[in-house]
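User: Please take a close look at the salt bridges in this model. I would like to know where the partners sit and whether they are buried or exposed.

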Amino acid sequence: MRDYDEMDDQDSQSMSFDFRGFLFKVLNLWKFVLICIGVAILIAYFINARQQNVYRLDSLISVDNDQNPFFTANTSISFNWGGVSGKVGKIMTAIKTRTHNEIVVDSLKYYMDYLEEGKYRKIDIYKSAPFEFVIDKSKGQVLNYPVGIRFINANEFEVFTAFEETRATAQSYGDKSKSSITVPSGAFKKRYKSGELITLPFLNGRIVVKPLQNIKPEAEYFLQFSNFDGVVNTYKSAITIGTYSESSSNILRLQLTGHNKAKIVDFLNATSTILSETELERKNLYATNTIKFIDSSLAAVNTNLKDFTDEMNAFRSENKVFDVSSEIAQISDELRQLELEKQNEESKLDYLGNLEVYLNTKTDYTNIAAPTSVGIEEGNVLSGVSKIVTLAAERQNLEYTTKEGSGLFKELDRRIDSEKNVLLETINATKRTIGVRIGTLNRNAANLESKLSGLPEDEQQFLKIQRQLDMSQEAYNIYMAKRSEAAIVKAANISDLGIVDEAKDIGGGLIGPNKSLNYMMGLMLGFFIPMFLVFIVYLLDNTIHGSDEITRMSKIPILGLVGKYRYKNNLVAYEKPKSAVAESFRAIRSSLQFIFKNQRTEESLAHTLMVTSSVSGEGKTFTSINVATVYALSGKKTILLGLDLRKPKIFDDFNITNEKGVVNYLIGDGTLDEITTHTHIENLDIITSGPIPPNPSELLMSDHMKELITTLKQEYDVIILDTPPLGLVTDALELTQYADATIFMVRLDYTKKGMLQLVNAKQRTGELKNVNFVLNFYRHKNNSNYGYGYGYGYGYGYGYGVYGNAYHEKDDNSIFKKIKNFVKKI
């Protein structure tokens, strides 16, 4: 608020804050603050009562680099994912992927809730439901609407609903498709037996009562289905994963918050299990591709073996050749061995050719079979294929969590291209080496065949078929051994992810709502919000509330204090002479005696007192009447002049008319005796203002006014001038020349602070002489209820109420008025 401090030669305005005044304002409104605190705590109670409990549970998983116990240099059909640190990052990423959470939600059917009616809401009872709903995933279930299940007895129930509209949205959880369905509007119910197929537009499936369940008749439950993608996103956002400690970076903690602890436990454990299975499947990817390649090759070898066997049987049957000499057989075995080696080399060459084409035409390198499946033991080839498959799997895993175009994809693609170029060079070099081997084998085979060229035709044919049959059998055995080897490796593989501590409800886990915090927040808000409101109102308030404010804002002294007093008219000092208000006017009279004593020039002349104010309604007329009364009662011949020519009012309290008054005298329409009224109060005469003139200021400035005052000073001891408000019109300034002293009325909680500046300026320029303040509506409360007026300790706790027919209407004691007054106090 603004404090105006009057200096000797000028006004100085400074901005400061009256903390003591604000404190008293708050203390004066302690009931309002207390009510706000009570309301805030009550709101906190209802929040605590209505909020669901929030739980947080966790589980621990480990990420290791478990090596296959059957892995050897000759069974190189598995690959490393980049070490433990790389696996930790991939698993932490996989936990937050949409694909993974879809699998978990679908496996647990978390899109379906079992509910029962609670005190404030429907409660999720999950596994506590006495029945199970076997959902038909091929048909739609209504979304976001609780379908009621009311049990008639242990084996019969009815489905009931009350749809408000005829259209709703349903979802089929088989393909996750949505559709618009027609539902029955209004109340609906239909009876079924346990296990009976339910086929409704909004519900499809079977309700099976769990064994050993005691279901009370008329027990009601609800089924509610949610949008699958929405549920997945909820759990995807809710689950968190992080390292258990800095010293154990391969131990991860899974955490999940929710309202149902059983659901949290199942979701965490299902997440760990599904993640472990997924990681094992990816770990077996190389072995799986190898088995697929061997199976496809084995089919062709098996066909050749069968064909050569049939050809040998047919040849023997026709030519009766069953054996050859040992020397010829030895040469044939050597030739067979060379041809088998040649076949193996050609298989390698064929694999490398296909691999080269695959690398140049494909972008997904996760389906490459192991080179060892065709007997390739070249270290550079094995290493290159393993690196490319590892990087391809890493890129595939990254696609779930990273947008295409990311820098991570560019870096992986760069590494894959680099490894692919190196592998292609290695393939070309290996193909050339194999080509050299095949040429050598062909020459050696030609030498051996020349030795057999001299044999009879039938024996040569027999040896040729026998060699082909033996090679096919040996190739078949090799492929079977390779396949068994790959199957053993795949079966022996274990997941790199292990469950250290599965989630379990052992009590506790409650993290919300924080009831103590809610109560504390309610207490703080209940206290600080009204304090803030009072502070804002206090800052914006520009009315005067206490005597100390006046002493800070003006050097003009305070002459007296008048309390608030409810009475039927303004004659309080006469009709209630023993009241505190009457005593306060006598105190004002005593103070005026000192002023008049200092201002007296001639003993024979009367003392003139002007009473004015800033605006209407500040008690100017009330004070004029009662000051005149106490002077008259003290034996002083007193006259009260109603000089408020614009709004006459003093006549009503004396039960006289306002037909003739000062205006008549000033315009020459009446004599002094004709306008003077002797009141029922001894020594008190009154002159009313008379009819309202069109030019009040000009009349008050006339010589007739000066003549009137001069005449009255000869006949009376005290002259009281009731003037118009100083802040509204200039009439009062015209009368200051006749006043020995001036009373400026200040009504607390009503008069504006800016008006004091006006008084200060008028007093400093000499327009107001011997001006003093009288505080109206003053109150001084005891120490248990601080209020304004603390600058003076002798104030009165009483006062007057109405002004009769003056500037205020009669008091309204209605409830509306009391509420309005309370708001004004704020």
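Analyst: Start with Arg414. In this predicted model, Arg414 is partly exposed, because its relative accessibility is 47% and the partly exposed class lies between 20% and 50%. Its partner is Glu411. Glu411 is partly exposed too, at a relative accessible area of 37%. The two side chains meet in a salt bridge, with 2.7 Å from N to O. Both residues belong to helix H10, which covers residues 407–452. They are three residues apart, about one turn of the helix.

Elsewhere, salt bridges with shared partners link up. Lys620, Asp644, Lys649 and Asp722 are joined into one network this way.

Now go to helix H4, residues 98–108. Here Arg98 forms a salt bridge with Glu102. Their closest N and O atoms are 2.7 Å apart. Arg98 and Glu102 are four residues apart in the helix, so about one helical turn separates them. Arg98 is partly exposed, with a relative accessible area of 41%.

Next comes a pair with buried partners. Arg150 forms a salt bridge with Glu158. The closest N and O atoms of this pair are 2.4 Å apart. Arg150 counts as buried because its relative accessibility is 16%, and buried means under 20%. Glu158 has 11% relative accessibility, so Glu158 counts as buried as well.

How many salt bridges are there by this rule? The count comes to 18. Among them are Arg98 with Glu102, Arg150 with Glu158, and Arg414 with Glu411.

Definitions and conventions. Residues numbered from 1 in each chain as written. Predicted model: local features only at pLDDT ≥ 70, side-chain atom pairs only at ≥ 80, totals over all residues. Heavy atoms only, no water. Salt bridge = Lys/Arg side-chain N within 4 Å of Asp/Glu carboxyl O. Helix = DSSP H or I, 4+ residues; strand = E, 2+ residues; numbered from the N terminus. Buried < 20%, exposed > 50% of the residue type's maximum accessible area, 1.4 Å probe, protein only.
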